[in-house]
Amino acid sequence: MSFLPTINVIVGDNGTGKSQLLKLLYSCTNVLHHGNDVKTNLQRNIADKLIGVFQPDALGRLATRQQGRARADITVRYRNVKNRLKFSFATNSKTEVRVDSFPSNRLESTPVFLPSRELMSIYPGFVSLHNTR
């Protein structure tokens, strides 16, 4: 999947993973924005951010919803950044990811994730504003 530098729209039925994709992109970008020049720190920081954002019982729970062994392989390529972020973890992982490659420079843009459900609860007049405008 490729994104444009302006606005992108992700559409799909409930439960198809739209929010999970955005949370994953936010987590990866946030960790790289704060800078990590040591692989072991990056591995820990990615795992910590994923656990903080997704709040699973264990990190491996994000790899599959079904029983059995599975592996999550994630690769994110940023525009104008030489190396991709590539990491993985298995269903038996509690708090560890394995980083295979990562950008050598810190990402300048500050990532922001505004979950739509939380936005609607922060601003009570949003629904009525949406309906009248």
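Student: Is Ser88 buried or exposed, and what is its relative accessible area?
Tutor: This is a predicted model, in which local features need pLDDT of at least 70 and side-chain atom pairs count only at pLDDT 80 or more, while totals for chains, interfaces and linings use all residues. Residues are numbered from 1 along each chain as its sequence is written, and side-chain values rest on heavy atoms, with hydrogens and water left out. Buried stands for under 20% relative accessible area, exposed for over 50% and partly exposed for what lies in between (1.4 Å probe, protein chains only). Ser88 therefore counts as buried, its relative accessible area being 1%.

Student: Which residue has a side chain joined to that of Ser88 by a polar contact?
Tutor: Ser88 lies in strand β2, where strands (E, at least two residues) and helices (H or I, at least four) are DSSP runs numbered from the N terminus. Among the residues that Ser88 touches (heavy atoms within 4.5 Å), leaving aside those up to four places away in sequence, are Ala72, Asp73, Val97, Arg98 and Asp100. A polar contact is a pair of N or O atoms within 3.5 Å; within protein, one must be able to donate a hydrogen and the other to accept it, and residues adjacent in sequence count only if both atoms are side-chain atoms. At 3.2 Å, such a contact joins the side chain of Ser88 to that of Arg71.

Student: Which residues of strand β1 point to the face that is buried?
Tutor: Strand β1 covers residues 71-76, and its side chains alternate between two faces. Arg71, Asp73 and Thr75 point to one face and are not buried. The side chains that point to the other face and are buried belong to Ala72, Ile74 and Val76.

Student: Which residue of β2 stands opposite Ile74?
Tutor: β1 pairs with strand β2, residues 85-90, in the antiparallel sense over 6 bridges, where pairing requires that DSSP find at least two bridges between the strands. Within β2, the residue that stands opposite Ile74 is Phe87.

Student: In what order do the elements of the chain run from the N terminus?
Tutor: The chain holds 4 helices and 3 strands, and its C-alpha atoms fill a box of roughly 50 × 40 × 25 Å along the principal axes. Buried residues make up 28% of the 133 residues, and among contacts with a separation of 6 or more, residues 24 or more positions apart account for 51%. Read from the N terminus on, the order is α-α-β-β-β-α-α.

Student: What is the phi of Asn80, and where does this residue lie?
Tutor: Gln55, which is not a glycine, has a positive phi of about 55°, and its place is in the loop between α2 (39-54) and β1; with a relative accessible area of 64%, Gln55 is exposed. Asn80 counts as exposed at 78% relative accessibility. Asn80, another residue other than glycine, has a positive phi near 65° and lies in the loop between β1 and β2.

Student: How far apart in space are the C-alpha atoms of Ser109 and Asn30?
Tutor: Ser109 lies in the loop between β3 (98-101) and α3 (116-122) and is exposed, with a relative accessible area of 56%. Ser109 and Asn30 are 79 residues apart in sequence, while their C-alpha separation in space is 9.1 Å.

Student: What separates the C-alpha atoms of Gln20 and Val53?
Tutor: Gln20 has its place in helix α1, residues 18-33, and at 41% relative accessibility Gln20 counts as partly exposed. Along the chain, Gln20 and Val53 are 33 residues apart, and their C-alpha atoms are separated by 9.8 Å.
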